[in-house]
Amino acid sequence: MPGLFSYPFINNNLMPAKNIVYSQNGFNAKHVNIMSNDNQSIHEFDLNLICEYFSGVERQGPGSPEVTLKALGFIHHLTNKSRIADIGCGTGGQTMVLAQQIPGEITGIDLFPAFIDRFNGNAARLNLQDRVKGITGSMDNLPFQQSSLDLIWSEGAIYNIGFERGLNEWRKFLKTGGYIAVTEASWFTDERPAEIDSFWMDAYPEIDTIPAKLAQMQKAGYIPVATFILPEECWTEHFYVPQVAVQEAFLKKYAGNNSAEELVAYLQQEARLYDLYKAYYGYVFYIGMKI
Ligand code: SAH
């Protein structure tokens, strides 16, 4: 899925598995044959490459500060006692936007230690380190107490555990009346061209229409409070465009390196598909309140 990282969930192991490569759905064991063989050190190198590539951009998934703030506009009653979690926070692009707007303590959690280092560096640079902390961990094994959170945030990341499973499993960490705000890839139409359909079925078969996602949210025990589609510039200006310079530098630095070249080619293909088929899919913000 565009710009997304996923690691296979293997025994709640916090370390990414070694036999994974980048794919449209991020790192995915399923796609191991796309670019590699059984040499684990090559895969590890791939992982480092991907990490280096995405560390060079502010966001690791489509989104924008405006959209983060718009979603935040539907969430009420936060105070300096509020506890907030940003799950799959990456380097914290959206977390810092949140932190500058709302009181309370924010914990960012991500599987990738290099992203968390950057996250904490960003928090310190903005003088937010006293109430914004990044920790390494996995979204299928969160370190929070039951009914302790006022807000769970997750942009471009819940697909790693799956939308429905994430909504169900994370609910227990929220207080009653607490909010969840996540972005999730969704179909805009009931039908779509075969090329993009099979692409997504391979990348993230849980992609579904907006009403289907809303029904899952309701069933998981939330009132769906608001839903809106992320505008196109979240994909272009804020996600694919900043990657162009990274790609150039990357190809120069890793000239002749197959993994690096394939990674860039793959991401370029992702951007092309978005351009071709953006009428049929995109990211949607789903905001719910725990009942
Ligand atoms: N929220 C950020 C990053 C989105 S990319 C943004 O919008 O820019 C998805 C993020 O999920 C990556 O940073 C990736 O490392 C993280 N991730 C993948 N699998 C994870 C897991 N099992 N637990 C926690 N984070 C995970």
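This tour proceeds through the structure in a series of selections, from the whole chain to single residues.

**The whole chain**

The structure is a predicted model, in which local features require a pLDDT of at least 70 and side-chain atom pairs count only at pLDDT 80 or more, whereas totals for chains, interfaces and linings use all residues. Residues are numbered from 1 along each chain as its sequence is written.

Colour the protein by pLDDT, the predictor's confidence in each residue, from 0 to 100. The average is 87, and 85% of the residues score at least 70. Select residues 5–42: here the pLDDT is below 50, although the stretch has 78 contacts in the model beyond near neighbours in sequence. A contact joins two residues whose C-beta atoms, placed from the backbone, lie within 7 Å. Where pLDDT is low, the predicted coordinates should not be read in detail.

Switch next to a cartoon view, which should present 10 helices and 10 strands. Helices (H or I, at least four residues) and strands (E, at least two) are DSSP runs, numbered from the N terminus. Of the 291 residues, 44% are buried. A residue is buried if 20 or more other C-beta atoms lie within 10 Å of its own, exposed if 12 or fewer, and partly exposed in between, with C-beta atoms placed from the backbone.

**Strand β10 and its partners**

Select residues 281–290, strand β10, where 9 of the 10 residues are buried. Add strand β7 (residues 174–187), which runs antiparallel to β10 and is joined to it by 9 bridges. Then add strand β9 (residues 222–229), which pairs with β10 in the antiparallel sense over 7 bridges. Two strands pair if DSSP finds at least two bridges between them. Tyr286 of β10 is the bridge partner of Val182 and also of Thr227.

**The nonpolar core**

Which residues touch the most other members of the largest nonpolar core? Select Ile152, Ile180, Ala181 and Phe285, which hold that place in a core of 68 residues. Such a core is a set of buried Ala, Val, Leu, Ile, Met, Phe, Trp, Tyr and Cys residues joined through C-beta atoms within 7 Å. Strand β7 provides the largest share, 7 residues. The core lies between domain 1 (22–59 + 235–277) and domain 2 (65–231 + 280–290), because both give residues to it. These bounds come from an automatic or database domain assignment.

Centre on Ala181 and leave aside residues up to four places away in sequence: Ala181 touches Ala71, Ile75, Trp153, Phe285 and Ile287.

**Helix α6**

Move to residues 163–170, helix α6, in which Phe163, Gly166, Leu167 and Trp170 are buried. These residues lie on the same side of α6, because they cover an arc of only 95° around the axis; the arc is that of the directions from the helix axis to the C-beta atoms. Among the elements covering them are β6 (149–154), β7, α8 (210–219) and β9.

**Three loop residues**

Select His77, in the loop between α3 (65–72) and β3 (83–87). His77 has a positive phi of about 70° although it is not a glycine, and it is exposed, with 10 other C-beta atoms within 10 Å.

Asn127 lies in the loop between α5 (113–125) and β5 (132–136). Its phi is near 60°, and Asn127 counts as exposed with 8 C-beta neighbours inside 10 Å.

Finish at Val57, in the loop between α2 (40–55) and α3. Is Val57 in contact with which residues, leaving aside neighbours within four places in sequence? They are Pro242, Gln243 and Val246.
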